[in-house]
Amino acid sequence: MPKKDFEIVFKRAFVNDNFKEFNNEPIASASIGQVHIAYLNSGEKVAVKLRREGIKQRVLADIKIINFFNFIFKPLFSHYTKNSIESVIKEFSSMIVQEVSLNNELQNLKKFSNTYKDSKIKFPKPYEEFSSDDALVMSFEEGFRFDDKETILKNNIDFNEIIANLVSFYTEQMLIKGYFHADPHPGNLLITQNSEIILLDFGMVKTVPNDTRIAIIELIKAANEQDYELYISASKRLGTIAYEAPTSELAVFTSKMFEIFSNNNLDSESMQKLAFEVLEGTRDLPFKLPSDAIYILRVSAIIEGLGTTYIENFNGIKDILPILQENLPKALGAKDSIIETLIDEIKDIPFTIKDFKSTLKQASEGELKVEISKNQLEFLKKELHSYFKPYLISISFMITSIFMLLVDKDLKEIAIILFTLSLIKILYK
């Protein structure tokens, strides 16, 4: 950032003389802020992330511009495209506003470090007493950038082990704990000489809702067993496929896609080419992008991209699914031993019986309620909208024609045309 902005931010962030030494030249720079090396008065080497001056105002202005263009172009999009675009904008807007707050990142780092303290992944140590909304002070972590292939291979680091650890860690985040780091790009991942992964930058941290987590678990199980109907059902619950989507057509599409990605004789480029050919025939199927799935899909794509950097013909379905499958019992709540699992199940029996009795009582008294999913509600809303829209247009034509006659009798011909159009619209809706 310009020297003037740097001095404003630094003076606001550090009122006291906290550093024995501070390097004014940043070692890394991005849209939200930049990182400097410094030494505390106590001697510890630290990384100091400084937020850019006025970045929050610029981000809020960008969000307004995006929403403005979305409002203008919205009529050109289909129902599902509209929903997907709005989900992306809503999710991006929410996340980016959180990301420009370094206080928020500090809290994320503290919670993440505590939640995953027993994992094989290392996190920077925050210095809360020196941090603020303008600056985040953390321990300085040494390692090779994840995409520094030459250095990593030169140090004889086993990359298969690295990818296995990364996938297992993200499986735990998304399927077991439901709390995950949503930005694992190469700049945020360091590899040590001891093959340890260090995770940086906690501006983008997401919580996975429980129903989304269960839908993902079912997706993985269905993919591993190539159960296409369960895969489609889970996709509908996740919200990536509309509630009313035709199961038979989607089953054919899904089977073709799994056939391509489980073919060991194809390289990555051929797989991609064949996949796009199959996708061409699905343009009219109601796929969409719900907000809960945006960062999950993004993280999955990034991790697959990281795998292809080092492992030839690496692909998510073939190479990641077995690792995910191993973690499914734990994700579904199973304990490490069968005895522990049985004890848990026995403990739940009284509650299950109580719930069953309550359901029978509600049914006998006519008070049994049925919950409708968000996807079903969205489908009903869309159907009601398409059903009533012609009537609303017709009524507006009728009212306009009557109003024209009342205002000016000379407009009788136009009023009759409008009234006729309204009747045609009702009859041939």
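The exercises below, each with a worked solution, deal with helix packing, two loop residues and aromatic pairs in a predicted model.

Residues are numbered from 1 along each chain as its sequence is written, and side-chain values use heavy atoms, with hydrogens and water left out. Because the model is predicted, local features need pLDDT of at least 70 and side-chain atom pairs count only at pLDDT 80 or more, while totals for chains, interfaces and linings use all residues.

**Exercise 1.** Determine how helices α6 and α7 are oriented to each other, and which residues meet.

Solution. Begin with the elements themselves: helices (H or I, at least four residues) and strands (E, at least two) are DSSP runs, numbered from the N terminus. The axes of α6 (residues 159-177) and α7 (residues 210-225) come within 8 Å and cross at roughly 120°, where axes are lines fitted to C-alpha atoms, for helices over the stretch in contact, and angles run from 0 to 180 degrees between N-to-C directions. Angles under 35 degrees count as roughly parallel, over 145 as roughly antiparallel, 65 to 115 as roughly perpendicular and the rest as oblique; α6 is therefore oblique to α7. With contact taken as heavy atoms within 4.5 Å, M174, L175 and I176 of α6 meet R213, I216, I217 and I220 of α7. By class, this contact of α6 with α7 has six nonpolar, no polar and one charged residues, given that Ala, Val, Leu, Ile, Met, Phe, Trp, Tyr, Cys and Pro count as nonpolar, Asp, Glu, Lys and Arg as charged, and the others, Gly among them, as polar.

**Exercise 2.** Work out the orientation of α3 and α11 in the same way.

Solution. The axes of α3 (residues 79-99) and α11 (residues 291-310) come within 9 Å, crossing at roughly 75°, so the two helices are roughly perpendicular to each other. On the α3 side the contact is made by S87, V88, E91, F92 and M95, and on the α11 side by S291, I294 and Y295. These residues divide into five nonpolar, two polar and one charged.

**Exercise 3.** Classify the loop residues N16 and D134 as buried or exposed, and describe the surroundings of D134.

Solution. The cut-offs are under 20% relative accessible area for buried and over 50% for exposed, with partly exposed in between (1.4 Å probe, protein chains only). N16, in the loop between α1 (3-13) and β1 (19-22), counts as exposed because its relative accessibility is 57%. D134, in the loop between β5 (121-122) and β6 (135-139), counts as buried because its relative accessibility is 9%. Leaving aside neighbours within four places in sequence, D134 is in contact with V9, R12, A13, K49, L50, R51 and L102. With R12 there is also a side-chain to side-chain polar contact of 2.9 Å, a polar contact being a pair of N or O atoms within 3.5 Å; within protein, one must be able to donate a hydrogen and the other to accept it, and residues adjacent in sequence count only if both atoms are side-chain atoms.

**Exercise 4.** State how many aromatic pairs the whole structure holds, and characterise the pair of F10 and F22.

Solution. Rings of Phe, Tyr and Trp (its six-membered ring) pair if their centres lie within 6.5 Å, and planes under 30 degrees apart count as stacked, over 60 as edge-to-face and the rest as tilted. A search of the whole structure finds 20 aromatic pairs. F10 and F22 form an edge-to-face pair, 4.8 Å centre to centre with 70° between the planes. F10 lies in helix α1 and F22 in strand β1, so the pair ties together parts that are twelve residues apart in sequence. F10 is partly exposed at 22% relative accessibility, whereas F22 is buried at 17%.
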